[in-house]
Amino acid sequence: MKFIFFFFLILSSLVISQSKEKYFVYFKDKGIPENFILTKNSPEYLTAINLLSERSIERRTKRSSMEQIVTYEDYPIKEEYIDAMTSLGLNIERNLKWFNAVSVYLSEDEKNILNDFPFVEKIEAVKIFKSPNDPQANFPTLSKAQQSTSGFNYGFSLAQNSISEVPQVHAKGLSGEGVLIGVLDTGFDWRFHNAFRHLRVFREYDFIERDTVTADTLGDRTGQQNHGTMVLSVMAGFDNGVLIGPAFNATFLLAKTENLRHERRIEEDHYLAAIEWMENLGVDITSSSLGYSIFDPGEGDYRYSDMNGNTTIVTRAVNLAFQRGVLTFTAAGNEGNSSWRFIIAPADAFNIISVGAVTSDNVIADFSSRGPTADGRIKPEVTAMGFNNVGVRAGTVNQITFSNGTSLATPIAAGIGGLLLQAYPHLTNIQAREIILRTSRNFNTPNNDIGYGLISAQKAISLPTVQRLNNQYKIHSVFFENGLINDSVKVFFGTNVQSLNQIRMTYDGRFKHTALLPGISTTNKIYFYFSYVDSSNQTRRVPSGNSFYSFDTGTVTIKDGADEIPTSFILNQNFPNPFNSGTIISFLASDDSFVEINIYNSIGQKVKTLFQNNAVVGLNRIYWDGKNDFGINLTSGVYFYRLKINDKTSSRKMMLLR
């Protein structure tokens, strides 16, 4: 470490009055190489996993085996590198282990010296952004007397809840209980307002001042807490007759990441640190109403070409959180009627649910940012009401206010995510995301104004889910049918639609029916439907007619009996495409012939044997995580997947982006 003392002498001789800027300093390694695989029970694995909370481990294991839940990104930064910098009198602002980097204020001379350190990979400026203001609301006059439904009086918040069918779900007793939701925003005045008397806050942290107070304090610009308080109340407020949010019984992590003292200034490292903090504490859902595209003068704006899912550091942070099992939501942006027009980071992330804004009549708001991403993916994913939304006025005990913006649509969507995870806690974030998209109003005709359309709490929770449990399938369902007699529900199931068994479902006494399917292996695709007796003693079927549900590797889909069996084998385009953490490859089979699916790189080398088995009649879906046969992540590029059946083959192209 002799070089440290040499550089210390140089630094000591520098002019102290040099101005300093904040930078990311990236290190070349962590004492282990970047491609190092953390095998279970190895010292490196144990070091990384011991840094995680039990809740984080539990959430991660829903997606991966214990051997795969920690990666190189989870391993801590090498202490010697931190010590070397602090020994030079530098004050580290943030340790960012996912990026093997720290943020630190440096003068130009200090930056030049650090560039010569043998363990420093590169130094980049921490970009500083101006968060866009929400558009002005119209302050409508509403009659609270007309605002009651489904057992609760939603007051002025009825419209923003009703358009996404939240009251019907609340009437079932679902309100987000047991779900941990993280909110990143300007600050939160939650301790005194009537709408927050019930609020469950697990932890809060001010990433600007490094303390545990997220409300306004001495030195904050007046109104720092206003935006975050409004956002939190739209999701979690409860003041019967005035305001109710979708997930009012969830538990919350609150992160203050935006500094209004400098014209709505956001620094990237605050956001990164907050995402890591939340993931480590076991958060199920993150919701961000901040967006990154507009910079302070001289900072160098991002370009539209950077909205490709893998360029901005905040987008990459969200990608890493999703890979660790977190369901992520963010505002699409309020740039729809500006010269920028498009979504803003991190809404461009691969698997995030970016949320656009519509009016109470489901008309797209002119300010709502549009897609696609620079690499051609549909954005936003969904929409929710973000026009004349009601929320809490910070600094008061009982006042409300109205506002517009995708930042007000986002907490509604994230709150619905909380309702879904309460109903079906076994869901992975991949499954939850697909359910939300699949049950949104325009799923079959998505576009770059509204994505997959208006999010619906009732439709999302109405779609039954299937859990793999001890090599068996367990079906979960919440029914909204009128007059249903809970003890009468049966499920008819089997591996083909011509031969179905039946079993009575168990009601949990609250909102859900379940059934463990005997004699069905988790290697099989299953088909099923439900029957029940209603209050008029009539037997009903769900889904109606000749339709039925089907499930194999992902989420449940509804199929029409007449259309399920194809006349030939058809290889579909993978979805999503492009992708980074995983994709679904599906094909239709006319019989149960033996099928082989292999993945090839751009020069024709086979990198993965994905599937070798007999097909099931109808739709077959296989998940690929972007790894080769040795479990190693493949690099970005074009890949081909080939389906082989008997002597026939079919191929398609896909794009992997890391």
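## Exercises on a predicted model

Asn388 sits in the loop between S18 and strand S19 (389-392). We'll start there; keep in mind throughout that this is a predicted model.

**Exercise 1: an odd backbone angle**

Work out whether Asn388 is buried or exposed, and find the sign of its phi angle.

*Solution.*
- Step one: check the backbone. Phi of Asn388 is positive, about 60°, even though the residue is not a glycine.
- Step two: check the cover. Asn388 has a relative accessibility of 14%. The cut-off for buried is under 20%, so Asn388 counts as buried because its 14% passes that test.
- Step three: try the routine on Glu165. This residue belongs to the loop between helix H6 (158-162) and helix H7 (166-170). Its phi is near 55°, again a positive value in a residue other than glycine.
- Step four: Glu165 has 19% relative accessibility, so Glu165 counts as buried too.

**Exercise 2: hunting for cis prolines**

Find which peptide bond leading into Pro372 is cis, then do the matching job for Pro576.

*Solution.*
- Step one: go to the loop between strand S17 (353-358) and strand S18 (382-385), where Pro372 lies. The bond into it comes from Gly371, and this cis bond has omega near 5°.
- Step two: move on to the loop between strand S31 (570-571) and S32, which holds Pro576. Here the cis bond runs from Phe575 to Pro576, with omega near -5°.
- Step three: stay in this region and look at Phe587, which is part of strand S32 (residues 583-589). With 0% relative accessibility, Phe587 counts as buried.
- Step four: pick a partner for a distance check. Asn572 is 15 residues from Phe587 in sequence, and their C-alpha atoms are 5.4 Å apart in space.

**Exercise 3: two packed helices**

Describe how H8 and H11 pack: what are the angle and the distance between their axes?

*Solution.*
- Step one: recall what you need. Two packed helices are described by the angle between their axes and the distance between the axes.
- Step two: read off the values. Helix H8 (residues 226-236) packs with H11 at an angle of about 35°, and the axes are 8 Å apart. The crossing of H8 and H11 is right-handed.
- Step three: list who touches whom. H8 brings His227, Met230, Val231, Val234 and Met235, while H11 brings Ser407, Leu408, Pro411, Ile412, Ala414 and Gly415.
- Step four: sort these residues by type. You get eight nonpolar, three polar and no charged residues in the contact of H8 with H11.
- Step five: zoom in on Leu408 in helix H11. Leu408 has a relative accessible area of 1%, so this residue is buried. Sequence neighbours within four places aside, Leu408 is in contact with Asp134, Met230, Val234, Met385, Asn389 and Ser403. Leu408 and Ser233 are 175 residues apart in sequence, yet their C-alpha atoms are 9.7 Å apart in space.

**Exercise 4: enclosed helices**

Decide how many residues of H8 are buried, and how many of H12.

*Solution.*
- Step one: count along H8. Ten of its eleven residues are buried, so H8 is largely enclosed by the rest of the structure. Among those buried residues are Gly228, Thr229, Leu232 and Ser233.
- Step two: repeat for helix H12 (residues 429-438). Eight of its ten residues are buried, so H12 is largely enclosed as well.
- Step three: check the kinds of residue. The buried residues of H12 include Arg433 and Glu434, along with Ile435, Ile436 and Leu437.

**Exercise 5: the core and the whole chain**

Find which residues have the most contacts inside the largest nonpolar core.

*Solution.*
- Step one: start from the general idea. In soluble globular proteins, nonpolar side chains tend to be buried together.
- Step two: name the hubs. The largest nonpolar core has 83 residues, and Leu232, Phe252, Ile461 and Phe528 have the most contacts inside it. Helix H11 (residues 406-423) gives the most to this core, with ten residues. Another core, of 38 residues, lies apart from it and includes Phe24 and Leu320.
- Step three: follow one hub. Beyond its neighbours within four places in sequence, Phe252 is in contact with residues including Leu180, Val201, Leu232 and Ala247.
- Step four: step back to the full chain. It has 13 helices and 37 strands, and 58% of its 658 residues count as buried.

Key
Residues numbered from 1 in each chain as written. Predicted model: local features only at pLDDT ≥ 70, side-chain atom pairs only at ≥ 80, totals over all residues. Heavy atoms only, no water. Core = buried A, V, L, I, M, F, W, Y, C linked by side-chain atoms within 4.5 Å. Buried < 20%, exposed > 50% of the residue type's maximum accessible area, 1.4 Å probe, protein only. Helix = DSSP H or I, 4+ residues; strand = E, 2+ residues; numbered from the N terminus. Contact = heavy atoms within 4.5 Å. Axes fitted to C-alpha atoms, helices over the stretch in contact; angles between N-to-C directions. Left-handed = near helix turned anticlockwise from the far one by under 90°. Nonpolar A, V, L, I, M, F, W, Y, C, P; charged D, E, K, R; others polar.
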